[in-house]
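Got your viewer open and your selection tool ready? Let's walk through this one stop by stop.

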Number of protein chains: 2
Amino acid sequence: MSEPLAPGATIGILGGGQLGRMLSVAAARLGYRCYIYEPGAAPAADVAAARTQAPYEDPAALEAFARSVDVVTFEFENVPAEALDRIEAIVPLRPNRKALSVSQDRLTEKEFLSGLGLATAPYANVESLADLEGALKTLGCPSILKTRRLGYDGKGQVRLTDPDQAADAIAATNGAPAVLEGFVSFTSEISVIAARGLSGEISCFDPGENVHEGGILRTTTVPAPIPSRLRTDAVLLAGAILNALDYVGVLGVELFVTPTGLIVNEIAPRVHNSGHWTQNGCAVDQFEQHIRAITGWPLGDGSRHTDVTMENLIGDDMDRVPDLARDPACALHLYGKSETRPGRKMGHANRITPRSA
Amino acid sequence: MSEPLAPGATIGILGGGQLGRMLSVAAARLGYRCYIYEPGAAPAADVAAARTQAPYEDPAALEAFARSVDVVTFEFENVPAEALDRIEAIVPLRPNRKALSVSQDRLTEKEFLSGLGLATAPYANVESLADLEGALKTLGCPSILKTRRLGYDGKGQVRLTDPDQAADAIAATNGAPAVLEGFVSFTSEISVIAARGLSGEISCFDPGENVHEGGILRTTTVPAPIPSRLRTDAVLLAGAILNALDYVGVLGVELFVTPTGLIVNEIAPRVHNSGHWTQNGCAVDQFEQHIRAITGWPLGDGSRHTDVTMENLIGDDMDRVPDLARDPACALHLYGKSETRPGRKMGHANRITPRSA
């Protein structure tokens, strides 16, 4: 194995939200500096050594950024391809483009996962109203029309309970290329946060059970109450995905638990909200794990020393902070966002309890 | 109780070393921004929103700094009094001047502690060779001559094993005002990291056992293997010190364990190296506890969820980082210092094990 990135080296992060912020703190813990590139407001800049505020369409700013750093990573997957081209011409990008192109497009992602032999929700490509009507005949209702690109926290999704809603659904998604997903009868959703290092080693954190509200993650509880066999399956399929993508970094895999086994809902080529529990449950959390992977360190082994329930603090949940601050078992992580808005992730609370099984 | 400092407010920190760095990260976790004032190199600046590099003797820089922040704290206790005067005229300083003036001077500190009825090592004021010779007759040898001001990591201390060394000891300390400390027969050294909030509430972390090498802290192990009665004593005496100083923030109290009970070695009016274990042993660590105290939040209750041995990584210990990184129970905290020097604290490793008693 080659030497890890030298102490004091600089990591470039595309995106300056809470994920970039927590990545920056983790990088500092390993002796690295971080440089944030973010077109908008950047809570990450408060804990980073440097920051550029410029659009992803500014070649000069992008190239100056790329020349100032030793490796580039990202906190969200919808960075324009052209921006990535410019960066990659100058400095390594980790994870690689393949992971990004797969996860940027729901259809590509489904085809990639199916190609690996992994189960997904039944799906059909939808480029027109006729496509959607045809797909509804095959997949039935309820089903969900999801735009292929730029989906995030339930945006760009329309739920159909009746085939008559097809035209409205196409209108609601502006006729954008989409995928219709058939109904999956699942008992719970879990996710596994997995990492692959520069040398190809793989490490997974324990799967957590996720509860969503209004399309936004509400809580993740670890350990997920699933049979040991499913935990093994989750790790094996995450490993298959990581290897197939020649992936370097942390990847989030959302899975449905069904009576016939696990179904892959989606993958995120980055640290993931459902992995925030690791900050208070593990010696090496998902943020440090990602930094370790992209800088060539050995990975943390993913051991959990404590059980954790992570709760997102969304919008007015911030009013509960004084009470949460008094809870002896509660570790708070606020993102320093200047404005509280409904549906906006403002922070999270990790409630810790002694390790069970 | 009044409202805590508003989210997004800025905390000024005097000193930009590793303690300031870890304070800055903790403040960010509660949604605050940090502004570092440091005359020299500042590893803390890599994780802070703003930084001034100027001497403590620069009134304009100090005042500009003070006007840009909502509260000022410090990571080391030897900030010149005049600098503090300028700052305090503009913005609250926490902890207060009394705590600083007591701990900046070993004689004042001993007199303060004795005045509270707490046991200290026997001591005598030394302003001349004659004083030292007299003190040696009373306290005997071995004993330690310590300059009253600017002691840190064993600097400014001379050990005397024979009264004939008196003249050499005065020469070695440049005749600076000093205190001669008599020998204390102790079985171990422990420290307690205690905090007092703006409203007067007090919280203590579990005492840890400290091992020093060459005058520098090597390891802290929690829980310290001491009887429950001594744990209670440690908490009670820390509380007495905090209240007597009308203290706000985290205070480190170093104690000798002797057959007749606890003796106070010294106090540090700041987060303390022997409290670094809390980063991986508690929901709220000493750095967040300090930020909570000075911003008016409720204090964390100090519960330990995990046993921890903290080991300082000093100088060439950095060569062991690759091995430590592979240890599943080990959490690394590196300080991002650009140069490794013998005796320099470069980072620390917290090795975690399941909670015992």
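Here is a short tour, from the overall layout down to a single side chain. Keep in mind that this is a predicted model.

**Stop 1: the two chains**

Colour chain A and chain B differently. Turn chain A by 180 degrees, with a shift of 0.0 Å along the axis, and it can be laid on chain B with an RMSD of 0.0 Å. That is the relation of a two-fold axis. To find the axis, select A:Val47: of the residues of chain A, its C-alpha comes closest to the rotation axis, at 1.9 Å.

**Stop 2: where the chains meet**

Now select the contact zone. You should get 36 residues of chain A in contact with 35 residues of chain B. Do the copies meet through the same surface? They do, because 97% of the interface residues of chain A are also interface residues in chain B. About 2700 Å² is buried between the two chains, and carbon and sulfur atoms give 59% of that. Highlight A:Arg29, A:Asp46 and A:Ala283 next: they supply 18% of the area that chain A buries against chain B, more than any other three residues.

Stay with A:Asp46 and show B:Arg33 as sticks. These residues form a salt bridge, with the closest N and O atoms 3.4 Å apart. Between the chains there are two salt bridges, and 10 residue pairs are in polar contact. For the biggest contributor on chain A's side, pick strand S16 (330–334) of chain A, which gives the most, with five residues.

**Stop 3: the largest nonpolar core**

In soluble globular proteins, nonpolar side chains tend to be buried together. Here, the largest nonpolar core has 47 residues, and those touching the most other members are A:Ile11, A:Tyr32, A:Ile291, A:Trp297 and B:Leu332. Helix H1 (residues 18–29) of chain A gives the most to this core, with five residues. Zoom in on A:Ile11: its contacts beyond four places in sequence include A:Ala27, A:Tyr32, A:Val69 and A:Ile291. Apart from this core lies another, of 45 residues, among them B:Leu30, B:Ile36, B:Leu217 and B:Met310.

**Stop 4: one glutamine**

Finish at B:Gln104, in helix H4 (residues 97–104) of chain B. Is B:Gln104 buried or exposed? B:Gln104 counts as buried, because its relative accessibility is 9%, and buried means under 20%. Show its side chain: a polar atom there lies 3.2 Å from the backbone oxygen of B:Val79. Its contacts beyond four places in sequence also include B:Glu77, B:Arg148 and B:Leu150.

How values were computed:
Residues numbered from 1 in each chain as written. Chains lettered and ligands numbered in written order. Predicted model: local features only at pLDDT ≥ 70, side-chain atom pairs only at ≥ 80, totals over all residues. Heavy atoms only, no water. Least-squares fit on C-alpha atoms with pLDDT ≥ 70 in both. Contact = heavy atoms within 4.5 Å. Helix = DSSP H or I, 4+ residues; strand = E, 2+ residues; numbered from the N terminus. Buried < 20%, exposed > 50% of the residue type's maximum accessible area, 1.4 Å probe, protein only. Polar contact = N/O pair within 3.5 Å; in protein donor to acceptor, adjacent residues only side chain to side chain. Core = buried A, V, L, I, M, F, W, Y, C linked by side-chain atoms within 4.5 Å. Buried area = accessible area lost by both parts, 1.4 Å probe. Salt bridge = Lys/Arg side-chain N within 4 Å of Asp/Glu carboxyl O.
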